[in-house]
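Dear colleague,

Please find below the structure I wished to hand over to you. I would be grateful if you could keep it open while reading the remarks that come after it.

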Amino acid sequence: MALLYLDTLKCVTSEDWTGQDEPAIHLGDHGVVKTLQVEEGGEYTVDVTVHFKESIGVLLIEKDDPDPNDNLGLQVITDKKGNRSATFKRYGAHYELSYSVE
């Protein structure tokens, strides 16, 4: 079994043109593990740890209440050990999620 640690989420470009983005991080069967309020250019602590086998999907959703939410992308993380980052680019948004696998 592998251990996934989500470290930080950087908002390179926000999806919303006005106000803050509200990205929600979904992890496989764990559901939503973190929701943040972010501004363009900011880097935010996630600090989430989960166990998984072989691979796990990380989905980033921008909450757009009252409009429909925006799926910013799905990245699959494998059990290969090391420090990495996942990129999410959709709807004009650009996010970088740093993580490690042990």
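The notes below describe the sheets, then the nonpolar core, and finally a loop residue.

Please bear in mind throughout that this is a predicted model.

To begin with the sheets, one open sheet has four strands in the order β4-β1-β8-β7, and their pairing is antiparallel. Because β4 and β7 stand at the edges with a single partner strand each, one side of each lacks a neighbour in the sheet. On average, neighbouring strands here are turned by 25° against each other, direction ignored. Within this sheet, β7 and β8 are joined in the antiparallel sense over nine bridges. Ser85 has Ser98 in β8 as its bridge partner.

Another open sheet of four strands runs in the order β3-β2-β5-β6, again with antiparallel pairing. Its edge strands are β3 (31–35) and β6 (70–78), each of which pairs on one side only. Here, too, the average turn between neighbouring strands is 25°, direction ignored. The antiparallel pairing of β5 (residues 55–62) with β6 extends over eight bridges, and Glu62 is matched there with Asp70 in β6. β2 and β5 are also antiparallel, with five bridges between them; Ala24 stands opposite Ile61 in β5.

Turning to the interior, the largest nonpolar core comprises 25 residues, of which Leu4, Leu6 and Tyr95 touch the most other members. At least two residues of this core come from each of β1 (2–13), β2 (23–27), β4 (43–52), β5, β6, β7 (82–90) and β8 (93–101). In soluble globular proteins, nonpolar side chains tend to be buried together.

Tyr95 deserves a separate remark. Setting aside residues up to four places away in sequence, Tyr95 touches a series of residues including Leu9, Cys11, Pro23, Val38, Leu60, Leu72, Ala86 and Phe88. Polar and charged residues also appear in that list, among them Lys10, Thr13, Asp21 and Thr87.

Finally, I would draw your attention to Asp64, in the loop between β5 and β6. What is the nearest side chain of opposite charge to Asp64? It is that of Lys63, 11 Å away. Asp64 is buried yet has no salt bridge, for which the cut-off is 4 Å. Apart from neighbours within four places in sequence, Asp64 is in contact with Glu15, Asp16, Asn69 and Asp70. Asp70 is also the bridge partner of Glu62 mentioned above.

With kind regards

Definitions and conventions
Residues numbered from 1 in each chain as written. Predicted model: local features only at pLDDT ≥ 70, side-chain atom pairs only at ≥ 80, totals over all residues. Heavy atoms only, no water. Pairing = 2+ DSSP bridges. Axes fitted to C-alpha atoms, helices over the stretch in contact; angles between N-to-C directions. Core = buried A, V, L, I, M, F, W, Y, C linked by side-chain atoms within 4.5 Å. Buried < 20%, exposed > 50% of the residue type's maximum accessible area, 1.4 Å probe, protein only. Contact = heavy atoms within 4.5 Å. Lys, Arg positive; Asp, Glu negative; His and termini not counted.
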